[in-house]
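Trainee: Got a minute? I'd like to go through this one with you and throw some quick questions at it.

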Amino acid sequence: MRLLILEDDPLLGDALSTGLRQAGHVIDWFRDGDEADQAIRSATYDAIVLDLGLPHTDGLVWLRRWREREVHLPVLILTARDGVDQRIAGLDSGADDYLIKPITVEELAARLRAMLRRSTGRAQTEWVHGALRFDPATRQVHWRDQPVELTPRETVLLETLLKHPQRVLSRAQLQEQLYDWSGGEPESNTLEVHVHHLRRKIHSGVVRTVRGVGYALGAADTGGEA
Ligand code: CA
């Protein structure tokens with residue numbers, strides 16, 4: 001998942017970013033609402049983790065603005081405000097989930113997975129594409145019931161393709177999912193290298209090259225079922 005975190009507390013923001021990155025996600029962490037808002041306008045995210053007590057502009061105000069602007073991204077509020085009225089206000093302002101601090105990164109990650117399942121209309125916890133299976137909780141990939149060892153970036157690339165099994169994704173769209181906002185420009189051949197590794201480790205047909213456009217997931221029965 002590519003996640004945007006808006007959290008002004010430096011210790012908590014750092015802990016969340018680090019923990020969620022270790023769980024295999026791509027994280028852009030902002031301490032300032034205006035910067036987060038700019039990022040939402042220019043990048044593609046799977047979900048937002050939103051603190052409410054922010055300097056200058058309250059998190060609820062940001063949430064209402066995004067919903068008015070028809071930003072439909074799933075939003076999880078993570079706040080110290082634990083009153084029932086405050087929780088109701090958060091959900092009624094357009095949040096998809098509401099968590100009270102303190103929480104563990106493990107629970108936050110599980111809530112985000114559940115939220116993403118709902119937003120993508122998937123009830124099952126495992127993603128299946130022919131002989132390929134991906135478990136977003138453990139980040140484990142299986143091909144024909146055999147575990148496949150992938151690096152975190154290879155896993156993110158495969159996850160992105162699996163999220164849109166019917167679509168051709170451009171190089172720019174895929175690269176955006178692979179690298180953090182602050183991560184610098186990827187070398188031009190890096191995406192090709194990751195695609196090459198996926199084909200070598202899973203199956204040569206698992207990723208299709210669509211000339212002049214980008215890449216797509218291979219046919220579900222690539223190479224035949226086991
Ligand atoms: Ca705060």
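Trainee: How many residues of domain 1 are in contact with domain 2, and how many of domain 2 with domain 1?

Mentor: Keep in mind that this is a predicted model. In it, 16 residues of domain 1 touch 11 residues of domain 2.

Trainee: Which residues supply the most of the area that domain 1 buries there?

Mentor: That would be R2, V26 and R113, which supply 38% of the area domain 1 buries against domain 2, more than any other three residues. Counting both domains, about 1200 Å² is buried between them, with 49% of it on carbon and sulfur atoms.

Trainee: Back up a bit, where are the domains in the chain?

Mentor: Domain 1 covers 2-120 and domain 2 covers 127-217. Their centres, over C-alpha atoms, are 26 Å apart.

Trainee: OK, polar stuff. How many salt bridges are there between domain 1 and domain 2?

Mentor: The count between the two domains is 1 salt bridge. As for polar contacts, 5 residue pairs turn up across the interface, both partners at pLDDT 80 or more.

Trainee: And which element gives the most to the domain 1 side?

Mentor: β2, with 4 residues on the side of domain 1 that touches domain 2. β2 (26-30) and α2 (33-42) each supply at least two residues of that side.

Trainee: What's the mix of nonpolar, polar and charged on that side?

Mentor: The residues on the domain 1 side split into 7 nonpolar, 4 polar and 5 charged.

Trainee: Which side chain does D46 meet in a salt bridge?

Mentor: K163, with the N to O distance at 2.8 Å.

Trainee: Zooming out, how many salt bridges does the whole structure have?

Mentor: A search of the whole structure gives 15. One of them pairs the side chains of K101 and E7, at 3.0 Å from N to O. K101 is in the loop between β5 (97-100) and α5 (105-119), while E7 is in the loop between β1 (2-6) and α1 (10-22), so that pair ties together parts 94 residues apart in sequence.

Trainee: Anything else about K101? Is the peptide bond from K101 to P102 cis or trans?

Mentor: That bond is cis, with omega near 0°. P102 also lies in the loop between β5 and α5.

Trainee: Backbone again: is phi of H56 positive or negative?

Mentor: Positive, near 70°, and H56 is a residue other than glycine. You'll find H56 in the loop between β3 (47-50) and α3 (59-68).

Trainee: Last topic, the overall fold. How many helices and strands are in the chain?

Mentor: The chain has 8 helices and 12 strands.

Trainee: And what's the radius of gyration against a compact globule?

Mentor: The protein chain comes out at 18 Å, which agrees with the value near 17 Å for a compact globule, because that is the figure for 226 residues. Along the principal axes, the C-alpha atoms fill a box of roughly 55 × 35 × 30 Å.

Definitions and conventions:
Residues numbered from 1 in each chain as written. Heavy atoms only, no water. Domains from an automatic or database assignment. Contact = heavy atoms within 4.5 Å. Buried area = accessible area lost by both parts, 1.4 Å probe. Salt bridge = Lys/Arg side-chain N within 4 Å of Asp/Glu carboxyl O. Polar contact = N/O pair within 3.5 Å; in protein donor to acceptor, adjacent residues only side chain to side chain. Nonpolar A, V, L, I, M, F, W, Y, C, P; charged D, E, K, R; others polar. Rg over C-alpha atoms; globule rule 2.2 N^0.38 Å.
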